[in-house]
Amino acid sequence: MLTGKQKRYLRSLAHHLDAVFQVGKGGVNDHLVRHIEEAIEKRELMKISVLNNNADDPKEIGAALAEQSGSELVQVIGKTIVLYKESRDNKTIELPR
């Protein structure tokens with residue numbers, strides 16, 4: 001679990017990032033989750049956008065993606081989801097205590 005201070009720090013880092021993946025009308029599926037797992041191992045922090053043709057709640061999508069990919073949900077703001085997972089091999093982000 002991330003503390004509030006750590007989430008604030010990650011949000012500040014994610015502010016300048018572009019969305020890497022988009023969740024469309026197909027919603028969350030195994031294929032998308034597998035790609036997110038691979039990408040988040042390299043990046044540690046990523047944004048995912050929810051397209052307008054998806055009728056699901058972005059907060060529910062964010063929670064499902066975080067749970068299925070084994071990552072932490074940092075923030076859901078509008079239709080943008082921010083996920084974080086500490087990398088085993090490519091650790092670049094040092095979280096505050």
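**Figure 1. A55 and the loop between β2 and α3.** In this predicted model, A55 is exposed, because its relative accessible area is 81%. That value lies well over the 50% that marks an exposed residue. A55 sits in the loop between β2 and α3. K25 is 30 residues away from A55 in sequence. In space, the C-alpha atoms of A55 and K25 are 7.4 Å apart.

**Figure 2. G24 in the loop between β1 and α2.** The loop that joins β1 to α2 holds G24. Is G24 buried or exposed? G24 counts as buried, because its relative accessibility is 18%. The cut-off for a buried residue is under 20%. Sequence neighbours within four places aside, G24 is in contact with L51, N53 and N54. R11 gives another reference point: 13 residues separate G24 from R11 in sequence. Their C-alpha atoms are 24 Å apart.

**Figure 3. E44 in the loop between α2 and β2.** E44 is placed in the loop between α2 and β2. Its phi is near 75°. That is a positive value, and E44 is not a glycine. E44 counts as buried, because its relative accessibility is 0%.

**Figure 4. β2, a covered strand.** How many of the six residues of β2 are buried? Six of six are, and the strand is mostly covered. L45, K47 and S49 point one way from β2. M46, I48 and V50 point the other way. Both sets are buried, including the lysine K47.

**Figure 5. β2 beside β1.** β1 and β2 pair in the parallel sense. Four bridges join the two strands. One of the bridge pairs links V23 to V50 of β2. Another links A19 to K47, again in β2. Between these strands the chain passes through α2. The resulting β-α-β crossover, from β1 through α2 to β2, is right-handed.

**Figure 6. β2 beside β4.** Which sense does the pairing of β2 and β4 take, parallel or antiparallel? These two strands pair in the antiparallel sense, over five bridges. K47 stands opposite V82 in β4. K47 is also the bridge partner of A19.

**Figure 7. The largest nonpolar core.** This core has 15 residues. Which of them touch the most other members? They are F21, I36, M46, I48, L65, I81 and L83. Five elements each give two or more residues: β1 (19-23), α2 (30-43), β2 (45-50), α3 (58-69) and β4 (80-84). α2 supplies the largest share, with five residues.

**Figure 8. I48 and its contacts, with a second core.** I48 is among the core residues that touch the most other members. It also belongs to the set of β2 residues that includes M46 and V50, pointing one way from the strand. What does I48 contact, leaving aside neighbours within four places in sequence? Its contacts include A19, F21 and V23. I36 and L65 are in contact with I48 as well. So are K79, T80, I81 and L83. A second core of nine residues is separate from the largest one. Among its members are L2, A14, V82 and Y84. V82 is the residue that stands opposite K47.

**Figure 9. The whole chain, for orientation.** The chain has three helices and four strands. Along the sequence they follow the pattern α-β-α-β-α-β-β. The C-alpha atoms fill a box of roughly 40 × 25 × 25 Å along the principal axes. The radius of gyration is 13 Å, which agrees with a compact globule, because 97 residues in such a globule would give a value near 13 Å. Of the 97 residues, 38% count as buried. Take the contacts with a separation of 6 or more: residues 24 or more positions apart account for 68% of them. The chain exposes about 6,000 Å². Carbon and sulfur atoms supply 47% of that area.

Key:
Residues are numbered from 1 along each chain as its sequence is written. This is a predicted model: local features need pLDDT of at least 70, side-chain atom pairs count only at pLDDT 80 or more; totals for chains, interfaces and linings use all residues. Side-chain values use heavy atoms; hydrogens and water are left out. A nonpolar core is a set of buried Ala, Val, Leu, Ile, Met, Phe, Trp, Tyr and Cys residues joined through side-chain atoms within 4.5 Å. Buried means under 20% relative accessible area, exposed over 50%, partly exposed in between (1.4 Å probe, protein chains only). Contact means heavy atoms within 4.5 Å. Two strands pair if DSSP finds at least two bridges between them. A crossover is right-handed if, with the strands pointing away from the viewer, the path from the first strand over the helix to the second runs clockwise. The radius of gyration is taken over C-alpha atoms; the globule rule is 2.2 Å times the number of residues to the power 0.38. Accessible areas come from the Shrake-Rupley method with a 1.4 Å probe; for residues, only the protein chains shown count as cover.
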